[in-house]
Structures are given as structure tokens and as C-alpha cells.
Amino acid sequence: MSSVITQQSFRKSLSGVGALIVLLGLVLHFVAIKTLYDLPVIMMIVGLWIFGQNLYRLKHPGAHSGDIELNSKTINNLLTNYAIIIAMVVLVFIICVLQPRFMQIRVVLDIMTQSSTKLIIALGICFTLIIAGCDLSAGRIVGLAAVVSTSMLQTEDYANRFFPDLAQLPLFVPIIIAILICMAFGALNGFLVAQYEMHPFIATLATSVIVYGSCSLYFDLPPNNSQPIGGVRPDFAALGQTKLFQGAGFPGISVLIPIAAVITVAIWFVLNKTVFGKNVYAVGGNREAAVVAGVNVYATNLFIFVLAAGLYGIAGVLEAARTAGATNQYGMGYELDAIAACVVGGVSLMGGIATVSGIIAGVFVFTIIQYGLQFISISPMWQQVIKGIIIAIAVAIDMGKYRKKN
Amino acid sequence: MSEYVLEMNDIVKRFPGVLALDHANLKVRPGTVHALMGENGAGKSTLMKCLFGLYHPDEGEIIYNGQTINDIPNTKAALAMGISMIHQELHPIRFRPIMENVWIGRFPKKYGFVDHDKMYQDTVDLFKKIGLDVNPRDQARFVSASKLQLVEIARAVSYDAKIIIMDEPTSSLTENEVEYLFKIINQLKSEGRSIIYISHKMEEILRISDDVTIMRDGKYVGTWQAKDIDQDFIIRNMVGRDLSNRFPPKETKPTDEVVLEVKHLTAAAKRSFVDVSFQLHKGEILGIGGLVGAQRTELVESIFGIRAIASGEIWKDGEKIDVKSVRDAKSHGIALLTEERRQNGIFGILSILDNTVIAAQNTFAKMGILDTSKRRPTADHACKELNVKMPSLDVPIKNLSGGNQQKVLIARWLLTNSDIIIFDEPTRGIDVGAKYEIYTLMLDQIKQGKSIIMISSEMPELMGMSDRIMVMCEGHVTGFVDKEHFDQVEIMRLASSFK
């Protein structure tokens, strides 16, 4: 048994669902049940988003806008493509039932704040994944940026200054320096990959060790001698801690959220609207064909790692600002989290496939699960187990998608 | 017991859109060398793969040792039955010793562990038997290609096979080694084993074989005793088909203006093309003919900057050009449509749009930022112009048929405004209707004053489309044939003539 729904009516019905959710939210808002916390508001936002997005799609049909046939195959595809999202919705539902306080605007904003720096790192690493590589140096580069930037941004009267005689530099100078150093290490990655055709796995592993060593040497310079860097200038800390629109019961939007949003838009632009972005997909999609088509594979490879390292640098600076401090252990293991988030977000490790929206979803999946499990007091050890299971299942589904087509 | 050790009767094998074997027959007598001959794509390798369990025939029967077998499930079964095969291309495990390469899949064991001493001794014995001088403990990468070929033959022998299939066994052998191979073959023959011998080299065939079976377009032509026939007879039977109306009429004639001249080009790689010189005129289609191993693809890839050259010059429009990379070639207005569409032509998972504009991407960009409003209409126009049948520009190109993929690739290169377009096997794996369209597109380009170099292994295509044919054999140019003198037999003779 199968029936066909046109794309038009499919989008219409989905925007209808969105509108319905908004309405339901409105109703609940006025009924004002206390145990639902901010659920009505959240529902209205989610509903508006579904409504808006489908309305937009209705007006601008996208790539896969054929009519939809309702049969077991379509449903199966849908389940495979959105398995992780579905699992997450179920999990969130369970958490909400167990702990209704989860349904608060504050929680949503917390999750978004925590996702911000992770998202920036994931967007950097996705470039290296599109060319069927990876970047194991991401985490260490994050740590390097944190240490370098904070070392030059301490208050004048702090007792244990990294550079006791350093003048108070304009805020952007140390930040730029930190990011440039990161990009230099990115260039090393890119050079190894492009020049010697080394597999990114081993090239970035080497760089990662070098970066950590250099960072530790720097961190160990007298008079600091490997003590955590503190006494961070308030204007620097503000970069990670400012809350916008705070007050009147509203917890405020962390400044990290708009920063991550701007970077996300920029990366989307680079991937979709620039020659470089197209070349990245081409190199990842079929390297040999890219060579034959005259794509500058060398430059593309090199720039991918420079750009990625720049993003890690930004993330590192923000992380330091948010925590108002740094040690050489900052950023450890971030690369694996970022790779996992990308993979869960549909980035193919075989190269050539990645969407910014998918990566956003992937990052959120991990933050929500981590935050949610903490919220209902699941032990951190169990959290690790669950995280691992998610990665395994996501990759298994991902591989299954390609196996079918061969 | 019948007269034959192996009979393959009316074997039919279909691939999507292609009938690869159309009632092919092969009857092999015990203790003989049976040559299997035909042009490229005649179905020889396909037939052998059916016998070796790599392909499964759709129809027909295989009678082996008097037993009827309809399908050989896999190569392991084929080997167990006593059929072994030496492949045209060797894939040794380069970093492992020779002896492991010989016994892989059936290592001698002792208490469940690999018995290296026995393996070494067995290899020594095996090599001694056929008089091969290779240290079994050497890693394969240190052994020359020709020695490896002989090791491969030793391996085939070691299976105690009743039938040994040799697919172009002499392609990497020197003259002395060929003599040596023939000695081994005679020895195998005297032991009552049969050899199915595939080769393009006529003289070899006539010297070594007892029976000759000729195939053409997947069909069986006939079987003769080698002593009754000569080279001309074989060539006539290999090519004997008429040229029907499969090509659009050509309205223009090439001019005298030379747009591309290649002077004494020699490849940097060994065993590739040597001292190739030719001129390409404006508005001309220069066909390059030759058999497998003629190094035609290597030649055009060098002109396009993919492969390195050791010496020689390339002149374009009267100026010497230096082509070190594809980007150099592109900037000089040279385009190449590669033979292996899937491997280095299309970006399967990317959209038709991206596939179309990739080579001309920079013309749609300012400061590296793409002008989307220009990209899509240009691609759309180009694809419509070439009559690409597609649901939308955003569909991944892998969803298109081979013919439509090829048209997208042509569109890709037309957008770069190249005036020399090199087609390497332009219609491989494309159905007949789409072939005609591709031919029409090629003639359209000629009309617009562009020039084409076309490699083709299909004789009718080569003769139907070219203004002039350059024939190569084993990396050497063996002759040029003008349109007035096109003759299948003559071209085939040139293609197999270099010694």
C-alpha cells in the first residue's frame, strides 16, 4: 500500500503542524500550569521555526523537492536519516517527565552557550573531514590559543603575572597573535598533507604532539612555571561571560551565542558560495577528478588546515575568556568530540558530504544529551558509555546509507 | 570422455545496457595451447572471467572433464576444480615476500600456525621445477615486473591446474623471457595441461598455439587449427564487420592550420610512450588507434599535464608551451575527457550543477566569491544545449546514465572555452542512441573551429569519426592513415606491428 503526497501539500501540512504547536503553546501559556515551567514559550519558538521553515521551503523548493511516496521505503529512509534526532527527542521527553525543571528557557540557553565553542571547533574540523581526512590537533590548538591569549591579558595588579613587565595591550592584539600562531600550526598540518601527501590522521597527530609540547614549554616559562594562568582582565573575560538582555527574570543570552552564530553563517558562506568551498567538496568527492578538472588540490589542502586552525584558535580564545583562565590542559580531547558531533550530524568520513545544518544538529545532540543526563543526575561514567553508544550507532547508520547504493 | 577437456557452449552474459557475450563458444582439447583472439572489447576477458568464477553467465553451459557445470560460484571453486588464471595486471602484495604471494590463501600449516619452513621449501621446489631464479624470501617490490609475471605463472602451475588461463602473459616480458615462458608452456603441455592463451601478438599466437578461437563483439566467429591459418586471416576475422550508418554526416573539412604540435615526446615513466610526434590541425578530428597497452591514454594525459614527460616539446598555435599541471593545460585551452569516467571524471555525490561548472569555476567568481546568479543559468544552458536528460541541476550526477554523465563532462569542458578537446574513449559504456548524440556534439565543436583528439578502441568509431588516424603500438607511433586510406585490416596490422 502506498500513496503519494505532493511536495506542496507535504510542506503545507508541516507548516500546519508548526502553527498547531504555536497555538498549543499559547493555550498552555494562558492556562499557566506551574509544573510545565517554560514549556509553552519553548513550544511557541519551536512551532514558529517549523512553521517558518516550511513556509520558506514552500516558496523556494530545494534540491530534493520531488513528490513523496508514502511507503515502507520512504519511512525507512526517514528513520535512518533522522534516527539520532528521533532518539534525542525521545530522550529529552523522558528527561522532561523525570525532571520537569528541564523545561526552562534558562536550560535552553545554557545548552546553546555550551554548544557555542564546540560548534566553532566542529565547523573547523568538518573541512578536514570533507576531504576524507581528520584533524587530531584541534584540541591541542584550542589549548594553545587559550594559554597564549590569557598570558598576555592579565590585570596589572595580579600577583603572578606571566609577563610581569608587559604593558596593557589593546584587547585584540593578544587575541590576533594567538590565532595567528594557531594558523601557523594549521599551515604545518596543511603542508604535511599537501606536500608529502601524508594522511591527515598522522600529519595532525604529529602536529598535535608538537603543539602540546610547545604549549607546555611556553606555559612552563619562568616566572609562571606551569601554574594555571589567572587574573584575567575583565574586558577579556567579558568576551566569554557577558549576558545580553539580562534582567526581569530573563537569564540573558550569552555573548558566545551570537559569536558562534556569526561564525556559523560565515562558514556556511565559505562552503557554499566560494570557489574554495566548492573545491573542498570536489577534492573530497573525487580527488582524482579534481586534479583532472584543474582544481588546485595543493592549495585547497593547505588552506583547509589553516582555516580550521584559525577556527580552533577562536574557540580557544573564547574558552579562555569564558573560564577566565587557562592551563596547558585546555582543549584536551576536543577534537574527538568535534569529530563525533560532525559524524552524528551526517558528515561522511568517506569525504565529500557535510552540511552546516547537520553539524549544528550534531553538536546540539551531544550537548543536550550531556546536559540532560547531568540534569537527571546520571553518573559521568554512564554518560561516557551513552556517548560512545551514540557515536557507534550514528556511524553504523551512516555507513549503511552508502552500502545500500553500491 | 569426450575429445575436449573444456567446452563452453552458448555463453550469454549481459551487463546493464550491454550484451557482453552473445552465445560465445570455446572448446579446449587436453594438452594443447588454445589461443583466444579478438579486438578490445570482443569479450575474451569476460568469457574467461565466467570460466574462472568471477562472472556468472546468464545462459549457456560449461562442460568440464565431461561434467556439466552451469555456474562456477567463485574463484576458489574454480581453483579447486583445476582452473587457474594469470591476470593481465598483476597485483602483488608488494611488502610481503614472494613465497607468501605464491601461497596466499592456502599457506601450509603446522599446529594451526603458518609453517614458514615448509612454505619456503615448497616455493624453492616449485621454482626449481620451472627453472625460475627468484629468492622466495625477497619482498615482491624488489622483484622486477617480468620476474613477477613468471612468479605468477609458477603460482598458476602450483594449483596443479588442468587448465591455465593466461591473459596477455607476455605484456611485461622481454624477448628472452618470452622464450623462457614458451619453454614452460611446452613443458606444461607435455604434462597434459591445457592453456588458454589470450594475446594481441599475432606472431606469438601462431608460434605457440595449437588451436585458435576468434571472437568478435561478444560472438563466436570460429575455431581453426593454428597451422592452417595466417595473420591476415586472423585480422580479417577479428575485424570483419561492415560500417553501417552509425555516424552523423560530417560537413566540414580540417584546415591546414596547425594548432597543436607534439615533437618527440617521451614519457618520464618506463615502458610508456617513446618519441611521439604529431600535428593536429584546426577543425580536425585526429583519431588515435591501438590495442591495449599502446600507451595512448598515457600520451594524452601527459599532454594534459597529469603525467610527467622526460623529453620532447609541445607547441600550441606556433608557440612552445610548458605543461606541468592540469591548470597549465587548461590555461592553454586544452581539455581532456578521461577514459575512466567514474574514477577521474565525475564527482559522483556532487550535483550536476557543481559537476558542470567545476573546471570553469573561476569565471563565476570575484575574489573567490561565487556569483550564484551566473553559475546556475550558465550550467543550465550548457546542459540543455547538450540535451542532458536530468530531473534537475541539483541531483547528484551518479543518478544519471553513462551517456548523460558524459554529456555533462563535455559541457564542463566547453565552459572552459578550450579549443583543443581530447576525448579518451568518448563512448565507452554508453548505449547506441547516446553515442550518436556524442558524435553529433563532437562534430558541432569541429564546426566551430575547434580541434579534437580522440582515442578509441572501437574500430568503426575510429574510422567513422576521424579525419586522420594515428596508430600506436606499445608506446610507439607505428603509422598515420589518411581518411582516403582507412582500412580495418591495415590499421589492425599497424596496431600490432611494433617489435
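In chain B, helix 9 (residues 296–303) lies across strand 13, strand 14 and strand 16 (309–316), and it runs at about 115° to strand 13 of chain B. Keep in mind that this is a predicted model. Below, we start with the sheet under discussion, step back to chain B as a whole, and then look at where chain A and chain B touch.

**The sheet in chain B**

- Strands 13, 14 and 16 of chain B belong to an open sheet of 4 strands, and reading across it gives the order 14-13-16-17, with antiparallel pairing.
- Who sits at the edges? Strand 14 (276–281) and strand 17 (319–321) of chain B do, and each has a single partner strand, so one side of each is left without a neighbour in the sheet.
- Going from one strand to the next, the twist averages 20°.
- Zoom in on one pair: strand 13 (residues 258–267) and strand 14 of chain B run in the antiparallel sense and are paired over 5 bridges.
- If you'd like a spot to find on screen, look for B:V262, which stands opposite B:F278 in strand 14 of chain B.

**Chain B as a whole**

- Chain B has plenty to scroll through, with 17 helices and 24 strands.
- Does its radius of gyration agree or disagree with that of a compact globule? A compact globule of 499 residues would come out near 23 Å, and chain B has 25 Å, which agrees.
- Line up a box with the principal axes, and the C-alpha atoms of chain B fill roughly 70 × 50 × 45 Å.
- Of the 499 residues in chain B, 44% are buried.
- Take the contacts in chain B between residues at least 6 apart in sequence: 69% of them join residues at least 24 apart.

**Where chain A meets chain B**

- The contact takes 20 residues from chain A and 25 residues from chain B.
- On the chain A side, helix 11 (275–285) and helix 12 (287–292) each supply at least two residues.
- Which helix gives the most to that side? Helix 11 of chain A does, with 6 residues.
- Sorted by type, the chain A residues that touch chain B are 11 nonpolar, 6 polar and 3 charged.

**A closer look at helix 11 of chain A**

- Helix 11 of chain A is mostly covered, with 11 of its 11 residues buried.
- Among those buried residues are A:V275, A:F276 and A:K278, along with A:Y281 and A:G285.

Definitions and conventions. Residues are numbered from 1 along each chain as its sequence is written. Chains are lettered from A and ligands numbered from 1 in the order in which they are written. This is a predicted model: local features need pLDDT of at least 70, side-chain atom pairs count only at pLDDT 80 or more; totals for chains, interfaces and linings use all residues. Two residues are in contact if their C-beta atoms, placed from the backbone, lie within 7 Å. Ala, Val, Leu, Ile, Met, Phe, Trp, Tyr, Cys and Pro count as nonpolar, Asp, Glu, Lys and Arg as charged, and the others, Gly among them, as polar. Two strands pair if DSSP finds at least two bridges between them. Axes are lines fitted to C-alpha atoms, for helices over the stretch in contact, and angles run from 0 to 180 degrees between N-to-C directions. A residue is buried if 20 or more other C-beta atoms lie within 10 Å of its own, exposed if 12 or fewer, and partly exposed in between; C-beta atoms are placed from the backbone. The radius of gyration is taken over C-alpha atoms; the globule rule is 2.2 Å times the number of residues to the power 0.38.
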